[in-house]
Amino acid sequence: MSFKNSKVVIVGTGNVGSTTAYSILNQGLCEEIVLIDVNKDKAYAEALDMAHSVYFMNRNINVHAGDYNDCADADVVIITASAPMPKDSTSRLEMLAPSMRIMKSIVSSIMASGFNGILLVISNPVDIMTYYAWKISGLPAKQVIGSGTNLDSARLCCELAKLYDLDAKSVSAFVCGEHGDSEFVVWNSATIGGKKIDDVMSDNAPRTGSATKQSLLKMTAQSGWEIFSRKGNTCYGIAASATSIVKSILFNENQIYPVTVYVDGAYDLKGVFLSVPTIIDKTGAKEVVEIKLQPDEEAALQKSASLLKSFYEELEM
């Protein structure tokens, strides 16, 4: 895959879809970006606005509105469209039924074009919607990925970096499982500058203060709601997260991200989509990375899997 002829289609031009498109455009990741929305005027206006911004960038990228026929030769199709979440909601699962109807319509239209690239699902509840998109699409499981807990992991790294006055890139920590209430941190593998988190927290007690693993997880899980409750959406973080995944696909980077993928055998799980560290390359989800979990982390992963699988029977194909 090369920059020439590379193409990304984004379905849904709300805050998340438009910001994702602009993030990909600003980083110059592909030659063509196509925006699709049920509101054609919105898609046209967003694309035109971005097209004007290309003048100030270092690559001549073609960004325009389109339709599902544009998916036929796309390398990546990103689905951001979903049912709106009530502002007073505290659960992504409340969006399940209406989001299913939207997802079925979108994926069916994408596949009717002859699409055979990588499907990246951002729509919430993302783990269930990724599973649903896979079942409807008929694509190989490795070609269907959800944004999962990639952003949650970044939020945790940012909190830890702020605690110890560090660059967040010096922190390595994975949030895994469901992108939701049952998510958990794999503390056993978390490090700062190669030093285990437990040692960092105990050796730097004055800076650690009252922070605990439990409080850090709670802060991570609630940070999205902190944003959503105040401005009605979250867009910049998830757009940057999606862009990082797209970059690893288009540039065949083999980056490891905790994203929603099909897990069937790894971690003693069978047939479930949830977030685990995964190598992402031009083929999609190249390989699940199995890291050693502590007994409580294994239990948390199994809990997430059981919760998500309990919804599968409710999904009408």
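## A buried helix and two helix pairs

Let's start inside this predicted model, at helix α4, where the cover over the buried residues includes α3 (96–112), β5 (118–121), β6 (144–146), β12 (255–263), β13 (272–281) and α10 (295–312). Both helices and strands therefore appear in that list.

How much of α4 is hidden? Ten of its twelve residues are buried, so the helix is largely enclosed by the rest of the structure. If you would like to find them in the viewer, they are V126, D127, I128, M129, T130, Y131, Y132, A133, W134 and S137. The length of α4 can be checked too: at 1.5 Å a residue, the twelve residues from 126 to 137 should span 16 Å, and the C-alpha atoms at the two ends are 16 Å apart, which agrees. After α4 comes G138, with a positive phi near 80°.

W134 is a good residue to pause on, and it belongs to α4. Its relative accessible area is 17%, and the cut-off for buried is under 20%, so W134 counts as buried. Which residues does W134 touch, once its neighbours within four places in sequence are set aside? They are L139, P140, A141, V144, Y262 and F273. K104 lies 30 residues away from W134 along the chain, yet the C-alpha atoms of the two are separated by 10 Å.

Now for the helix pairs. Two packed helices are described by the angle between their axes and the distance between those axes. Helix α1 (residues 15–26) packs against helix α9 (residues 236–250) at about 50°, with the axes 8 Å apart. That angle makes α1 oblique to α9, and their crossing is right-handed. On the α1 side the contact uses V16, T19, T20, S23 and I24, which meet Y236, I238, A239, A240, A242, T243 and V246 of α9. By class, this contact has eight nonpolar residues, four polar ones and no charged ones.

The other pair is helix α5 (residues 150–164) with helix α8 (residues 213–231), whose axes come within 9 Å and cross at roughly 115°. The two are therefore roughly perpendicular to each other, and this crossing is right-handed. From α5, the contact draws on D152, R155, L156, E159 and L160, while α8 contributes L216, M219, T220, S223, G224 and I227. These residues divide into five nonpolar, three polar and three charged.

An α-helix has 3.6 residues a turn, so residues three or four places apart point the same way. Keep that in mind as you look along each helix in the viewer.

Note on methods: Residues numbered from 1 in each chain as written. Predicted model: local features only at pLDDT ≥ 70, side-chain atom pairs only at ≥ 80, totals over all residues. Heavy atoms only, no water. Helix = DSSP H or I, 4+ residues; strand = E, 2+ residues; numbered from the N terminus. Expected span 1.5 Å × (residues − 1). Buried < 20%, exposed > 50% of the residue type's maximum accessible area, 1.4 Å probe, protein only. Contact = heavy atoms within 4.5 Å. Axes fitted to C-alpha atoms, helices over the stretch in contact; angles between N-to-C directions. Parallel < 35°, antiparallel > 145°, perpendicular 65-115°, else oblique. Left-handed = near helix turned anticlockwise from the far one by under 90°. Nonpolar A, V, L, I, M, F, W, Y, C, P; charged D, E, K, R; others polar.
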